[in-house]
Amino acid sequence: MFEFKGLDDVNWHSLHHAYGSAEDVPGLLRELADATDKNSLDEISEKFFNNIQHQGGIYSATAATVPFLIQLLGKKDFLDRSWILGSLIGMLESCDGHVNYKTQISMLKDEFATVANIEREILKYLACLRDSDNTTRGYAVYLLMCINPKQPHIRLKLWQASKIETNLLIRAAMINSVGKLASRGYTHSAQRVGNQYRIRFQIMMRSAEEPIIRLAAVLAWIDSYHWLSGDLHITPPDVIPRILGESLIDGAIDVPVPRGMVGLFFSESQIVERLQRLKINEMIAALQIENMTGKAAHLIIREILDKAFGRIRANYSKTASDWYTQWRRYEAALFEAEDDQHFYAFQERTGALRHYYVANRSLNRFETLAIEAIVNCDPFWQIPTNLFSFFYGLPDSRDELRALLAKQD
Amino acid sequence: MFEFKGLDQVNWRALRDSYGSAEHVPDLIRDLNTDQDHVFRKAFDDLLNVVNHEGYSITDVTAATTPFLIQLLDKKDVPKRAWILDVLINFQESCDEHTRYGSEISESKSFFATFIALEEGIEKYLVLLADPDDEIRALSVQLLTLLRAEKPNVRLRMWKASQIEANLLIRAAMIYGVGKLIGNTYAYSVKRVAKQYRGLFQTLLVTSEESLIRIAAASAWIESHTTFFAHSRGVPSAIPGILCDALTQDNAIRAPFELRFLEPLRDPVVIIERLRRLDLEGMAESLHANSITSKAAHLIIRKMLDQVFMRVRANYLRFPYGYSDEWKAFEAQDNAATDQYIYAHRETKFSLRRIYMPDRPLNEREKLVVDAIVNCGPFWQLPTNLFSFFYGLPDSRDELRALLAN
């Protein structure tokens, strides 16, 4: 029988979860620890989470529970350690979500306590990088990425783990996460370390045989520049656009995905997001690879157009949390003509209208570059499109676009 | 001789302010330890420029500096002690502001650390409630309320301070603050305590001779309810009239110092929102107040109409406020296209049933509102076409009477 340290020292009665007093939490934790088969674990875990994280809620009991869930990671015969890591990831994501809708910092005490308790045991997650279960190792990488710690030894451990990792997807995820963690810290020493890692990523993106490792090195290189911010404002190594372009081709980076990790790393949207941080001419280079397909070309050209032109169609997020200016975020069902008007009025107010294409306006250098690349990209025209006119007021046919370019001359 | 405790125990070198390493911050803090006005002013400016750049940046250095600013409150001969409290209030407001705009929790750590550091000073702010300086007492109330301290002793001490407070404005702020503190607490045990405090507010409503104290007590009574929804039962009968008084009186709070905290007591938008929480009966009751003016009646009746009828004209508030059914949100530049959009949006939301149509009989709530309007004499002293403009209702008193008779 597993003994939790300090479980009875917590005043569970004074804490609460979705259904009131948290008195039942110690019992549920013990039941979890003692579960002998997967079915009973599933049953108890459902009840457990219904209480402490009901519909994404974070309560005082959630924060208090975290240290004991982490203790369970150390139980050798626990049925599913990846479940614990997945739960912690879920809590972190809920905490992030709550920051978006709570209006006073004092209302976020439980969230900060939960995050602090999760962050306190980083060494335990690092230990999980050596677990025999693929999903557990994958989740450990993802959790470390979510926590995004500053300490140098963590990225070093991840880097070392990547060298001996046998599962290709997890190895790639480890490399990518090192890049993300290297972006932390604005001190000179942090920047020096960032440079050192970027040299390693560069070597890897040129020399690795596996496409997914090359992609991971590219993403790591990009992410190592403050991964949450927008344009890179720096010239990337010339192989980066090519590798991003290649990775968007169906089947290019296919590797076996461990249980529960579909879409966690290296999804199409994650690749496109990084592509969007490059300059127009670099994005064009991604388009010009030999075996480009129609679908991949569409993904890249959307980003090129979004960078070169202001959209005339709605891209207003009704949740009011953000203005989405990305083509890939457009959802036809959500928008109507009236939304466009509102959006247009907003753009007018913010002075963004100069980016709009208007029939008799001459194109600037970037717009010309973008249209030229599109006109010259044969695979793109294999799939019909009316999105030039729909989103940007540009002509839709290749000949008309050619004529538009000729007019600029 | 005053000395900062623990100033050298902080690893300032590891912290970053707006300009780089925070190594120089301890010296800036030490410079505050002066009794010379001009020296203090300069030192204070220099420090704030670093720890709270342009009045809004909050970093780890802000959190690390906060305890020493709080220590400085102990020093009686600091030339501008009120400035310190003002800055602490600004820190707290910046933290709340940051939370409102949302971010990842990992990006909010400095804000939370600053908030926790501010909370550590609660005991000191409570002591300052008895300070001889009016401004210090007023700012302490404001800070304690902004911190939303849940501990029972905070509201109790604030309440006790209100009973001996000589300055009317500060007394009102204390009463109002107690109501806000109760309303911010969700614990079950607090419900019982809240009931007791509401009893005390109720006594003030009827016994206080000062209008501002009655307004503060009425506002505190409403704020002490955690829910934003309307309360139709158990509302003290004096509250609607008092809130109506608040609407009709001079809106300016005259204080020799800035007391932003009291503005909601006289802000018509906030008062109307409080009236809304009293439900239609409460709002109708407020129209019978002796002090009612036609302007106040218009404000209240607009709100009542908005509560029961769906507007047929645009009321679409753009980014970032989302939708609003408020009359006050109407913007003249909203055009027919916006109306269409609103209408279409409502259709999908099944809310068209709330739009008045000439042949549809009024329901009970609608009748209550129209009846209150028809019987409110002061309202009709100002001409209006807003019934037809916003709700498709008839504009004249007689037509509305006829509508009721039908």
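# Note on a predicted two-chain model

1. In this predicted model, the axes of helix 18 (residues 364-374) of chain B and helix 20 (residues 397-405) of chain B come within 10 Å of each other, and they cross at roughly 145 degrees. The crossing of these two helices of chain B is left-handed. From helix 18 of chain B, the residues that take part are B:Lys367, B:Val370, B:Asp371, B:Ile373 and B:Val374, and they meet B:Arg397, B:Leu400, B:Arg401, B:Leu403 and B:Leu404 in helix 20 of chain B. Sorted by type, the residues of this contact comprise 6 nonpolar and 4 charged, with no polar ones.

2. On confidence, chain A has an average pLDDT of 86, and 87% of its residues score at least 70. A reader should nevertheless treat residues 315-335 of chain A with care, as the pLDDT is below 50 over that stretch, although the stretch has 30 contacts in the model beyond near neighbours in sequence.

3. As to overall make-up, the secondary structure of chain A comes to 19 helices and 2 strands, while chain B has 20 helices and 2 strands. Of the 409 residues in chain A, 40% are buried; for chain B, 41% of its 406 residues count as buried. Taking contacts between residues at least 6 apart in sequence, 70% of those in chain A join residues at least 24 apart, and in chain B the corresponding share is 69%.

4. Which residues touch the most other members of the largest nonpolar core? That core has 214 residues, and the ones with the most contacts to other members are A:Val218, A:Leu287, A:Ile300, B:Ala173 and B:Ile300. In soluble globular proteins, nonpolar side chains tend to be buried together. For A:Ile300, leaving out residues up to four places away in sequence, the residues touched are A:Gly245, A:Leu248, A:Leu275, A:Met283, A:Ala286 and A:Leu287.

5. Helix 12 of chain B, which spans residues 238-248, is mostly covered, with 10 of its 11 residues buried. The buried residues of this helix include B:Ile239, B:Pro240, B:Gly241, B:Ile242 and B:Leu243, and further along the helix B:Cys244, B:Asp245, B:Ala246, B:Leu247 and B:Thr248 are buried as well.

6. Is A:Arg198 buried or exposed? A:Arg198, which lies in helix 10 (residues 188-207) of chain A, is buried because 20 other C-beta atoms lie within 10 Å. Not counting residues up to four places away in sequence, A:Arg198 touches A:Trp221 and A:Ser224. By contrast with those contacts, the C-alpha atoms of A:Arg198 and A:Glu303, which are 105 residues apart along the chain, are separated by 25 Å.

7. B:Gly183 belongs to helix 9 (residues 168-183) of chain B, and it is classed as partly exposed because it has 19 other C-beta atoms within 10 Å, where 20 or more would make a residue buried. Once its neighbours within four places in sequence are set aside, B:Gly183 is in contact with B:Glu223, B:Ser224, B:His225 and B:Thr226. Between the C-alpha atoms of B:Gly183 and B:Ala194, 11 residues apart along the chain, the separation is 8.1 Å.

8. Two residues of chain A deserve a look at their backbone angles. A:Asn148 has a phi near 55 degrees, a positive value in a residue other than glycine, and its place is in the loop between helix 7 (134-147) and helix 8 (152-164) of chain A. A:Phe266 is likewise not a glycine and has a positive phi, of about 60 degrees; this residue is found in the loop between helix 12 (239-247) and helix 13 (268-275) of chain A. A:Asn148 counts as partly exposed because it has 19 C-beta neighbours inside 10 Å, and A:Phe266 is partly exposed, with 19 other C-beta atoms within 10 Å.

9. Finally, A:Met1 is found in the segment before strand 1 (16-17) of chain A, and it counts as exposed because it has 5 C-beta neighbours inside 10 Å. The C-alpha atoms of A:Met1 and A:Asp34, although 33 residues apart along the chain, are separated by 6.6 Å.

Definitions and conventions
Residues numbered from 1 in each chain as written. Chains lettered and ligands numbered in written order. Predicted model: local features only at pLDDT ≥ 70, side-chain atom pairs only at ≥ 80, totals over all residues. pLDDT = per-residue confidence, 0-100. Contact = placed C-beta atoms within 7 Å. Buried ≥ 20, exposed ≤ 12 C-beta atoms within 10 Å, placed from the backbone. Helix = DSSP H or I, 4+ residues; strand = E, 2+ residues; numbered from the N terminus. Axes fitted to C-alpha atoms, helices over the stretch in contact; angles between N-to-C directions. Left-handed = near helix turned anticlockwise from the far one by under 90°. Nonpolar A, V, L, I, M, F, W, Y, C, P; charged D, E, K, R; others polar. Core = buried A, V, L, I, M, F, W, Y, C linked by C-beta atoms within 7 Å.
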